[in-house]
Amino acid sequence: MGRTQRQRHRRGPQTTIDSSDSLHVLFGQLHALGWRNHSQLSALNFPQTGRGLCSKRTRFQAGDELIRLPASCLISIATLESDAQFKALFNTDLFDKDSRMSFQSLVACYLMHQQHLHDTTQNSPWSAYLGTLPGSYTTPYFCAMSELQCLPESVLERTVAQNRQIRDYYQLLKSLVGAQHCECCGQRYCEDIWTLEEYRRAYFAVNTRSVYLNAHQLQPPARSHFRALLNGSANLALAPFLDLFNHSDSVRTTAELQLVPGSKSQDYVLTLDALSKPELRPYEQLFISYGALPNLKLLTEYGFYLERNAHDYFEFTLSDIEQLIAHNKQLAAQSYHRNIFKFIREHNLMDQMFVHIQDGCSHNLRVVLHLIFKQQAHFPNVLNQIAFGDVDQFDNVQPELSYLLAHKIKEYRGFVGAMEQLPQLTESGTVAHGYLLECLRYLHDFEAAHCEANS
Ligand SMILES: [Zn+2]
């Protein structure tokens, strides 16, 4: 199946109403900052992805530049460091080395700051960009409670972690800025403005749309205001217009800052390194790669998944195997020494237990199934010899692998069934439902390729 025919599952109506006007204004602003759009990119709505980018005139081959955007068009650490009004909100005396925030969460705050400037004074330099941001996001984080109850542990784990992080950073923001009143309108931060609801949206705007940028390559400010507040690198940026490129598993792209010859300024350049066909014609959607990411990651971080994603795999946990034992009569009848599970945990063998449609069962999954079901030892030194010894002995972990797959398929069918019982689904719920079906397809295909002949 050609990739353009392939189904892709993203949001439905994903842009705010005035987004095409905003794009028009944004074009003008970026042009004023030196962007020349030499690849003649245009935003269009594509049936498979919604809004995306194509060129109306240019053909693209491997090695071609997709876009070259002046670094001054980006929202990066340099932008925040040079915004005196924004910096003034953060009193450095209140910074505490034991409670820092991620750069991502600070950029989310910057977006709220600019949005408020726009709403009250119409005076944000980023108004047009803000107008191009989606009004909602389709990550499982925004699922209704009833939908979350129909989702697997792997998705919930990530969603819960995101929730914890957002709440923690919002609390920190409250303690740093919350007591102040806004100069322009007198309202209080984190009470009347900068609500948690707004922060969630801003957080996912950055989560889903930021690009990687090596901040060390940016011209550093004379004195950093935010360094003592941040708990990690500032290696990301928001890239107006450029963030309309959608992701595909069939291209490889690179991004880098390049010094403009004969000047001190820099360009952020995206290059198409490889693609699955000889060339892309005008009006064909141009994609970039967000990385070699499996669907679980695409869903939880970006709110979409790809059908037959080339980078997909399906991961298992030790509790999946424990549940399998509890639910399978034949396996439940046997006894399992607790030392074996202890050994597996102590050596982190439960990490990277996955199946891959081409490569089969991962090494760690094979080792763990072997240790639990195929051998009798339980002394650590013997388990050690087995686990880290000759690889060949792990080959036959059937029929346990088949049982495990059948168990997972049953579990995911249960999730899909429960979701279909709900009277209606949110946008996030609809995407998550499709993701579950894609997981089922993957597990069935794996079963057909790797299990049925052996079991
Ligand atoms: Zn105000």
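1. Two residues are in contact if their C-beta atoms, placed from the backbone, lie within 7 Å. By that rule, and leaving out residues up to four places away in sequence, A108 touches Y199, A202, Y203, A205 and V206. The model in which these contacts are found is a predicted one, and the points below should be read with that in mind.

2. On confidence, the average pLDDT of the chain is 91, and 94% of the residues score at least 70. Over residues 1-6, however, the pLDDT is below 50, and this stretch has 6 contacts in the model beyond near neighbours in sequence. A further stretch, residues 11-17, also stays under 50 in pLDDT, and for these residues the model has 12 contacts beyond four places in sequence. I would ask the reader to keep these two stretches in mind when looking at the start of the chain.

3. The domain assignment divides the chain into domain 1 (8-306) and domain 2 (314-450). Their C-alpha centres lie 36 Å apart, and the two are in contact through 21 residues of domain 1 and 16 residues of domain 2. On the side of domain 1 that touches domain 2, the elements giving two or more residues are helix 6 (145-148) and helix 9 (295-302). Sorted by class, that side of domain 1 has 10 nonpolar, 9 polar and 2 charged residues.

4. Which residues touch the most other members of the largest nonpolar core? They are A108 and V368, in a core of 114 residues. Helix 16 (residues 427-450) supplies the largest share of this core, namely 8 residues, and the core draws at least three residues from each of domain 1 and domain 2.

5. M112 is found in helix 4 (residues 103-121), and its contacts, apart from neighbours within four places in sequence, are with W194, E198, Y199 and A202. Two of these residues, Y199 and A202, are also touched by A108. M112 counts as buried because 21 other C-beta atoms lie within 10 Å, where the cut-off for a buried residue is 20 or more. The C-alpha atoms of M112 and R201 are separated by 9.4 Å, although these residues are 89 residues apart along the chain.

6. Strand 9 (residues 266-275) pairs with strand 4 (residues 65-70) in the antiparallel sense over 5 bridges, and with strand 8 (residues 251-259), again in the antiparallel sense, over 9 bridges. To follow these pairings in the model, one may start from P70, whose bridge partner in strand 9 is D267, and then turn to A255, whose bridge partner in strand 9 is L270. Strand 8 and strand 9 form a hairpin with 6 residues between the strands, and in this hairpin G262 takes a positive phi near 75°.

7. Strands 12, 13 and 14 form an open sheet in the order 12-13-14, with antiparallel pairing. Strand 12 (314-315) and strand 14 (360-361) stand at the edges and have a single partner strand each, so one side of each is left without a neighbour in the sheet. Strand 13 (residues 354-356) pairs with strand 14 over 2 bridges, and H356 has G360 as its bridge partner in strand 14.

8. H327 lies in helix 10 (residues 318-327) and counts as partly exposed because it has 13 C-beta neighbours inside 10 Å. Although H327 and H407 are 80 residues apart in sequence, they are 8.4 Å apart in space, C-alpha to C-alpha.

9. Some backbone angles deserve a careful look. Most residues other than glycine have a negative phi, and most peptide bonds are trans. In the loop between helix 1 (19-32) and strand 2 (41-46), N37 has a positive phi near 45°, and Q40, in the loop between helix 1 and strand 2, has a positive phi near 55°. Are these residues exposed, or partly exposed? N37 is partly exposed, with 15 other C-beta atoms within 10 Å, whereas Q40 is exposed, with 11. The peptide bond from Q398 to P399 is cis, with omega near 5°, and P399 has its place in the loop between helix 14 (380-387) and helix 15 (400-421).

Notes: Residues numbered from 1 in each chain as written. Predicted model: local features only at pLDDT ≥ 70, side-chain atom pairs only at ≥ 80, totals over all residues. Pairing = 2+ DSSP bridges. Helix = DSSP H or I, 4+ residues; strand = E, 2+ residues; numbered from the N terminus. Buried ≥ 20, exposed ≤ 12 C-beta atoms within 10 Å, placed from the backbone. Core = buried A, V, L, I, M, F, W, Y, C linked by C-beta atoms within 7 Å. Domains from an automatic or database assignment. pLDDT = per-residue confidence, 0-100. Nonpolar A, V, L, I, M, F, W, Y, C, P; charged D, E, K, R; others polar.
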